[in-house]
Amino acid sequence: MSYADNFKKMKPGLDFGQAVAEADRCLLCHEPPCSTACPANTQPGTFIRKLRMKNITGAIRTIKENNILGGACGVLCPTARLCEKECSATGIGRPIEIGKIQRFLVEQSWERNLNLFDTPNPRNEKIAVVGSGPGGLSCAAELAKKGFPVTVFEARPEPGGVLRYGVVSYRFDLDFLEKELGDVKSLGVEFKCNTRIEGDRGAEKLLENGYSAVFLAPGLWGAMRLAPEKEPSEGLFTSVEYLAALRDGRLEEIASQVEGKTVAVIGGGSVAMDCIESAAKLGAEDVYLVYRRSWMQMPAEEDERIESLEAGVHYLLLNQPTGYRTDEKNRLTGLKMVRTRLGESDDSGRRRPEVIPESEWTLDAVMVIEAIGNRAESDSSRWYPNVDVDDKLLIKADPETGTTSTPGIFAGGDIVRGPALVVNAVQDGKLAAKAIQEYLKE
Amino acid sequence: MPGKDIDLSIEFLGKTFKNPFLLSSSPVSNSAEMVARSFDAGWSGVVFKTLNSDRLPIIHPSPRMNSYHYGDKRLVGLQNVEQISDRPLKDNLVDFLYLKKHYPDHILISSIMGFSNDEWAYLAKASEDNGADMLELNFSCPHMCIEGTGHHVGKAFDLIEKFTATVKSTVSIPIIAKMTPNITDMNEPAMYAKNGGADAISAINTVSGISEIGLDDLVPKPNVFGVGAVSGTSGPAIKPIGLHFIADMAKCDDLALPLSGIGGIETWVDALEYILLGSSTIQVTTGIIHYGYRIVEDMIEGLSDFMREKGIARVQDLVGRALENVKTTNHFDLDRQGISQYDLDRCVGCGQCYTVCMDAAGQALEWDAKNRRPRLIEEKCLSCMICSFVCPVPDLITFKEMPQTWNRKETAVMDPDLEKEIAHEPFIATSTEGGNECLC
Ligand SMILES: Cc1cc2nc3c(=O)[nH]c(=O)nc-3n(C[C@H](O)[C@H](O)[C@H](O)COP(=O)(O)OP(=O)(O)OC[C@H]3O[C@@H](n4cnc5c(N)ncnc54)[C@H](O)[C@@H]3O)c2cc1C
Ligand SMILES: Cc1cc2nc3c(=O)[nH]c(=O)nc-3n(C[C@H](O)[C@H](O)[C@H](O)COP(=O)(O)O)c2cc1C
Ligand code: SF4
């Protein structure tokens with residue numbers, strides 16, 4: 001299939017000349033504001049200076065020492081509202097493309113086959129990490145660098161979390177993921193995939209079975225649901241199911257369902273964008289984004305929204321889904337909606353959608369993807385019953401250390417913050433790794 | 001930071017420097033407060049701003065520098081009319097004491113310049129008595145107008161020997177002679193310094209130059225209230241000059257003195273080039289004027305990574321390693337010839353190669369206007385490679401050797417018919433002077 005290669009691969013990043021030219025524009029600020037703005041302390045001010053000074057290995061080292069997923073962040077971070085937002089060069093034109101330089105440098109490390117870290121003195125205390133998403137990987141790498149034997153337990157067949165089973169492959173491809181995972185593996189981290197931590201007190205039992213500390217980063221793999229009266233038997237997906245299917249070997253199957261058809265996606269966040277744009281790229285005839293507020297209230301990044309328009313997505317703003325229409329075999333045939341208008345602001349500061357009476361209508365569609373939010377899996381706290389959680393099942397952890405209410409158990413990433421960013425999970429993993437070392441000293 | 005396995009330390013005049021990177025004598029080494037911060041950043045030693053004896057007041061012109069920009073590139077060169085230190089000698093010496101007390105493992109080199117034998121001796125003694133580990137004799141400041149000072153000494157070779165000998169007989173610490181590049185052959189004055197007792201040579205000081213003239217007032221810059229002057233150029237623009245003098249001295253068997261390389265160093269690559277040509281230490285001013293002390297971090301890390309990659313453990317083992325490859329041009333094998341080759345898949349279609357090949361080379365390119373691509377006529381390529389210098393895509397144009405059977409086409413004459421009108425006899429040499437080979 002012709003689309004498949006485009007779909008599976010990211011666009012190439014900067015080459016050497018482009019990266020050097022971009023770094024040449026950097027003003028090499030005193031107390032670089034970009035560095036302060038990075039949630040994971042990746043230090044763009046320093047690595048760009050190092051590139052400028054022909055200290056390329058050093059530049060890569062700066063990235064990877066501070067952020068073992070520096071490549072993933074270079075590709076996936078919404079830099080326009082992080083480091084690049086603070087760039088002083090904006091004052092004389094436009095910001096430096098920091099994310100692209102970062103990606104370039106990390107790719108260089110693979111091309112040059114660099115070994116960036118010294119072998120540490122081995123430690124005895126075993127550490128367990130639950131979940132191999134960005135949070136788990138970052139914590140594991142940080143502790144492995146310090147010589148601890150670390151085991152990562154992963155429920156799914158392969159490591160990576162959202163990076164493997166969430167983000168669409170044309171934004172973050174398998175080849176890139178494998179290389180960055182290779183950086184973690186080369187530190188000596190052990191992965192146990194297809195190994196779900198579950199059952200009563202599953203996490204706590206790790207502590208009893210020889211692990212000195214546990215880091216929980218299981219992410220958010222439950223889907224918020226529209227909860228209609230009647231669910232179709234065919235044609236309805238949650239974003240979690242749909243996106244995972246694109247990456248776990250069922251791409252061709254999904255593509256054949258989508259091609260030439262009408263698809264609707266419900267939601268206004270970044271995940272909805274991945275769903276809708278991918279459906280368009282897979283050859284759907286018409287793709288509709290259904291969102292109950294308007295353009296300005298959408299949580300998705302501006303560049304993602306514009307890109308989706310360019311991919312041919314039709315925007316059905318100010319429409320609220322109410323249920324599904326099905327045929328006699330209970331297969332989906334349409335999405336029922338009502339029109340809305342914007343009223344007063346709600347808690348989130350965005351204007352609240354109000355239903356317009358008697359405005360019901362139905363959009364013909366054979367596939368609908370609900371992308372209205374990820375949440376903790378409903379049984380999650382069964383395997384850590386003594387770890388305090390809030391009413392959304394998010395773990396209560398100290399933001400500076402990841403410490404939970406159970407000694408020896410630390411947590412970070414989306415399971416603590418709610419839906420956040422790769423770079424936030426990386427930082428949580430780093431902070432927890434530090435706190436775990438402190439904890440082990442006591 | 002990389003590897004415990006890499007040893008950047010270097011022996012120079014009996015002292016161990018923890019790395020080869022020093023501040024050169026200039027505003028970047030003007031006070032203990034500054035030097036202390038540079039040591040904290042990673043520099044291993046300093047040549048302090050040239051002392052004065054308080055005999056004459058030193059007043060710097062204002063403004064005292066001008067930047068030589070090239071297009072968007074800032075500071076490819078720097079023009080300065082600064083004098084030696086304007087601080088009282090006592091203050092500089094108190095700062096020496098501070099640095100030796102707080103940074104005993106860092107090397108303090110005192111730069112001095114006198115106007116007479118006794119003044120040289122006086123400054124040398126004061127430096128030694130207040131903790132200087134070594135002396136650098138400044139025979140090279142280009143802003144001294146009085147005969148017998150600055151680069152006037154550097155050009156009057158007997159004075160170099162005389163003043164060096166005076167200092168040598170006054171102090172027991174090692175002596176470095178700092179040379180001016182404003183001469184043709186540096187080996188000769190360096191030999192005078194050696195004969196006077198110098199233990200090492202440092203080079204280069206600034207190159208005499210004019211880099212910019214104000215187009216409204218017609219005054220060279222820096223414009224000191226309507227007056228400009230020939231003054232000292234430093235920075236990346238002068239690196240080729242510094243490298244050449246260092247290589248010459250390193251290859252001079254009679255001289256055989258340790259060298260400290262200076263001139264246009266910003267990155268570890270520049271520093272390494274000076275080391276490969278025979279410098280044991282290197283010194284920096286304009287690089288710091290441009291970027292600050294922080295660049296030493298990249299010098300340390302960059303050089304360490306290079307050494308690790310090449311499997312070289314000690315920086316000492318790099319000193320002079322490229323010298324055997326610096327030969328005179330008569331060693332070239334002219335039977336081997338090559339041409340340029342183009343990887344047109346990556347071409348962006350700017351056509352700069354075509355422009356320069358037409359106007360400055362062999363007219364070896366044709367221009368496919370429709371597709372905006374050059375086409376190489378191999379037998380016309382001169383292998384000057386200027387097309388590759390202007391090509392914006394890295395390594396799109398590269399050099400390749402041609403087989404011995406290949407021949408370059410001679411440049412055609414415009415109108416062969418005019419040959420019958422030519423007034424010309426072939427040259428027949430009447431003497432053997434000048435040898436039988438020429439390459440110039
Ligand atoms: C579709 C999508 C697109 C996104 N795009 C971006 C983006 O472009 N940029 C960005 O910065 N962020 C993006 N994010 C957010 C980002 O991916 C998350 O914030 C980040 O992945 C959170 O990392 P984590 O380690 O907390 O969890 P996850 O990445 O969710 O990883 C958790 C892992 O734990 C495993 N697990 C769960 N329970 C168990 C158990 N009981 N036992 C063993 N293993 C278990 C899961 O299988 C999973 O592999 C996106 C998120 C989604 C869903
Ligand atoms: C502003 C300025 C002042 C300088 N003052 C001195 C000096 O007092 N004594 C000295 O020996 N060299 C002096 N130099 C020369 C430098 O030490 C150095 O030899 C020269 O600048 C070349 O190195 P660079 O290209 O790294 O700047 C000065 C250079 C500059 C730019
Ligand atoms: S750099 Fe400092 S001392 Fe020099 S002109 Fe500017 S403000 Fe004045």
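Me: Ala, Val, Leu, Ile, Met, Phe, Trp, Tyr, Cys and Pro count as nonpolar, Asp, Glu, Lys and Arg as charged, and the others, Gly among them, as polar. How many residues of each class are in the shell around ligand 1?

Reply: There are 18 nonpolar, ten polar and six charged residues in that shell. Before we go on, a word on the model: it is predicted, local features need pLDDT of at least 70, side-chain atom pairs count only at pLDDT 80 or more, and totals for chains, interfaces and linings use all residues. Residues are numbered from 1 along each chain as its sequence is written, chains are lettered from A and ligands numbered from 1 in the order in which they are written, and side-chain values use heavy atoms, with hydrogens and water left out.

Me: Which of the residues around ligand 1 come nearest?

Reply: A:Gly135, A:Glu154, A:Arg156, A:Arg171 and A:Asp414 do, out of 34 residues around ligand 1; a residue is near if one of its heavy atoms lies within 4 Å. Three helices of chain A, α8 (134-145), α14 (270-281) and α17 (422-441), each give at least two residues to the shell. Helices (H or I, at least four residues) and strands (E, at least two) are DSSP runs, numbered from the N terminus.

Me: What makes A:Arg171 and ligand 1 a polar contact?

Reply: The rule asks for a pair of N or O atoms within 3.5 Å (within protein, one must be able to donate a hydrogen and the other to accept it, and residues adjacent in sequence count only if both atoms are side-chain atoms). A side-chain N or O atom of A:Arg171 is 2.7 Å from an oxygen atom of ligand 1, so the pair qualifies. Backbone atoms take part too: A:Val162 lies 3.0 Å from a ligand oxygen, and A:Ile197 lies 2.9 Å from a ligand nitrogen. The protein covers 96% of the 1,000 Å² of accessible area (Shrake-Rupley method, 1.4 Å probe; for residues, only the protein chains shown count as cover) that ligand 1 has on its own.

Me: And ligand 2: which atoms of chain B make polar contacts with its oxygen atoms?

Reply: A polar side-chain atom of B:Ser24 lies 3.0 Å away from one, one of B:Lys49 lies 2.8 Å away, and a polar backbone atom of B:Gly264 is at 2.6 Å. Alone, ligand 2 exposes 600 Å², and the protein buries 98% of that. Around it are 23 residues, with B:Ser25, B:Lys49, B:Thr50, B:Gly264 and B:Thr286 coming nearest.

Me: Why is the pair B:Glu301 and A:Lys50 called a salt bridge?

Reply: The term needs a side-chain nitrogen of Lys or Arg within 4 Å of a carboxyl oxygen of Asp or Glu. Here the N to O distance is 2.7 Å, so the pair meets the rule. Across the interface of chains B and A, eight salt bridges are found, along with twelve residue pairs in polar contact (both at pLDDT 80 or more). On chain B's side, α8 (268-276) and α10 (295-310) are the elements giving two or more residues, and α10(B) gives the largest share, seven residues. By class, that side has seven nonpolar, three polar and nine charged residues.

Me: How much area is buried between the two chains, and how many residues does each give?

Reply: About 1,600 Å² is buried, with carbon and sulfur atoms giving 41%; this is the accessible area (1.4 Å probe) lost on putting the parts together, summed over both. Chain B gives 19 residues and chain A 18, contact being heavy atoms within 4.5 Å.

Me: Is the peptide bond from B:Ser62 to B:Pro63 cis or trans?

Reply: Cis, with omega near -5°; B:Pro63 sits in the loop between β4 (45-47) and β5 (65-70) of chain B.
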